[in-house]
Amino acid sequence: MKKFLRTILLLWLVPFSTLIVKSQNFEDVYRMLQESKILNDHFYGFSLYDLTANKFVMDVNGNKHFTPASNTKMYTTYAALELLGDSIPGLEYVERGDSLLIWGTGDPTFLHNRLDTRVVYNFLKRTNKTIYVVPGTMKNKFYAHGWAMEDFEAYYQPEISTFPIFGNVVTFRQKGYNRLNTSPGSFQKDLDVLPEPKPGDFELSRSFRSNIFWMSKRPVPNDYVNEVPFIYSDSLFVKLLSDTLGRKVNLIAYKKPNNTKILYSGETKNLIREMMLPSDNFIAEQFLMMCSWKQFGQFDTYLVRDWMKNKVYSFFSNEVAIFDGSGLSSYNKVTPQNNVDLLVLLKNKIPDEQVRFRLFPAGGVDGTLKRTYSKDQGEPFVFAKTGTITSVYNQSGYLITRSGRRLAFSFMNNNYIDDRATVIRKEMAKIITYIRQTY
């Protein structure tokens, strides 16, 4: 009886967890998959869902678990849409006489070299009050479970924090002959040259335990730009903010009152797009921090994961195991059917295709799919999130066929050897394009 009631609830509440139907119309696509030497030398799964008929029309290993990589950001997108609302909270503050006390909200855009709207900066720059930063308490770690520690100096893995600044990275730019300039400028004194020349190309590195950076004794390439995460601390944040504002900023312990105000820095959907198109890991992780702050009043992203598990994943086709917001974690495991479940949820959340598709890379147009697909009949037809780490390449999103059918799909590839992502990507694009042109 319990199983029967759950089935009825699924059919009534969410149209996405329905019976898998092997349509005769897609026998040719099944054959393409079965005969593909490229796909069949590793573990792959493919689920295809008709958004009008509300049913799966193709499924190969759709109920098997895969490492999603950055397909995880689709789940972060849904959490942000559900828990944050329309606007990004940029700053929490209260005024006390001639003092301005501020708290971080997890907003990743503050003084970010691409994302900063200057709303928070201008507010702080224009105040004549003494600024006090009240540190936030973060219950989760600065790295999520399953992250690779050896990637500590990689641009794509900045530390998670309650009050990010400059994207929590130092930007290095070639300036003149064999010279690098740092932004923020205060890190210039922490850049040194390795005492012995290293063989090979020019390299930039950071100490594991401190914010000391080294450049190798090789010519700095022209137009060289690199971002290296710094080790975050509240004292470093205050120093960087003081340097930027050109005035003293203080660090203080203070119990947060009930009458704080919120300064919003931008639109949620715009920041989601900034996360999804280039697949920005830092934005994804900070989205979970903001969701936790907004929904639970504390910085504990595990609370967001539990909320998603209880309120969302419990109705999915298969069990979902997600440990971060970006997909850097090797512990993450989802099925192609789960990804389709999520895509249908996003469709229900944002029925307007133009608004929804804008959140995904468009094949042949922008983001991580710009060079994967070509336009067909002068228009893009794939709007999907990619997911790429070692031995993983996935695409999950929406597909419009020439006949006007609206489909959701998840194409996942795991456990291949060597650098085969390029040929796998081309094979996937060939099959997806065939579906576009045939159905």
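Helices and strands are DSSP runs, of at least four residues for helices (H or I) and at least two for strands (E), and are numbered from the N terminus. The model shown in these views is predicted.

**Loop between strand 6 and strand 7, with Asn178 in close-up.** Asn178 lies in the loop that joins strand 6 to strand 7. Its phi is near 55 degrees, a positive value in a residue other than glycine. With partly exposed defined as the range between 20% and 50% relative accessible area, Asn178 counts as partly exposed at 34%.

**Loop between helix 10 and strand 14, with Gln377 in close-up.** Gln377 is found in the loop that runs between helix 10 (353-357) and strand 14. Although Gln377 is not a glycine, it has a positive phi of about 55 degrees. Exposed residues are those over 50% relative accessible area, and Gln377 counts as exposed because its relative accessibility is 57%.

**The cis peptide bond from Ser183 to Pro184.** The bond is cis, with omega near 5 degrees. Pro184 has its place in the loop between strand 7 (180-183) and strand 8 (191-193).

**Surroundings of Pro68 in the loop between strand 2 and helix 3.** The loop holding Pro68 connects strand 2 (55-60) with helix 3 (72-83). Pro68 has a relative accessible area of 0% and is therefore buried. Apart from neighbours within four places in sequence, the residues in contact with Pro68 are Asn332, Lys333, Val334, Gly387, Asn394 and Met412. Computed along the chain, Pro68 and Ala321 are 253 residues apart, whereas their C-alpha atoms are 10 Å apart in space.

**Aromatic pair of Phe46 and Phe411.** A search of the whole structure finds 23 aromatic pairs. In the pair of Phe46 and Phe411, the ring centres are 4.8 Å apart and the planes stand at 50 degrees, so the pair is tilted. The two residues belong to distant parts of the chain, 365 residues apart: Phe46 is in strand 1 (residues 43-50) and Phe411 in strand 16 (residues 406-414). Both Phe46 and Phe411 are buried.

**Aromatic pair of Tyr143 and Trp147.** The ring centres of Tyr143 and Trp147 lie 5.2 Å apart. Their planes are at 50 degrees, and the pair is therefore tilted. Tyr143 counts as buried at 9% relative accessibility, and Trp147 is buried with a relative accessible area of 9%.

**Aromatic cluster and rings beneath charged ends.** Phe172, Phe187, Phe213 and Phe230 form one aromatic cluster. The charged end of Arg356 sits over the ring of Tyr398, at 4.7 Å from the ring centre. The ring of Tyr393 has the charged end of Arg425 over it, 5.7 Å from the centre.

**Largest cavity and its lining.** The structure holds two cavities of 30 Å³ or more. About 60 Å³ of space lies in the largest cavity. Its lining consists of Gly104, Val133, Val134, Pro135, Gly136, Thr162, Phe163, Tyr232, Asp234, Phe237 and Leu251. By residue class, the lining divides into seven nonpolar, three polar and one charged.

**Second largest cavity and its lining.** This cavity has a volume of about 50 Å³. The lining residues are Asn140, Lys141, Tyr143, Ala144, Ile160, Glu285, Thr301, Tyr302 and Arg305. Helix 8 (residues 301-311) gives the most to this lining, with three residues. Four residues of the lining are nonpolar, two are polar and three are charged. Tyr143, one of the lining residues, is also the partner of Trp147 in the tilted pair.

**Largest pocket and its lining.** The largest pocket contains about 1,100 Å³ of space. It is lined by 40 residues, of which Tyr155, Tyr156, Pro278, Ser279 and Asn281 are the closest to the centre of the pocket. Strand 6 (169-174), helix 7 (281-296) and strand 14 (382-389) each supply at least two residues of the lining. Strand 14 gives the most, with five residues. The lining divides into 13 nonpolar, 19 polar and eight charged residues.

Terms used. Residues numbered from 1 in each chain as written. Predicted model: local features only at pLDDT ≥ 70, side-chain atom pairs only at ≥ 80, totals over all residues. Heavy atoms only, no water. Phe/Tyr/Trp six-rings, centres within 6.5 Å; stacked < 30°, edge-to-face > 60°. Buried < 20%, exposed > 50% of the residue type's maximum accessible area, 1.4 Å probe, protein only. Lys NZ or Arg CZ within 6 Å of the ring centre and 35° of its normal. Contact = heavy atoms within 4.5 Å. 1 Å grid on protein atoms, 1.4 Å probe; cavity = no way out; pocket = protein on both sides within 12 Å on 5 of 7 lines; lining within 4 Å. Points joined across faces, edges and corners; volume = space filled by probe spheres on them. Nonpolar A, V, L, I, M, F, W, Y, C, P; charged D, E, K, R; others polar.
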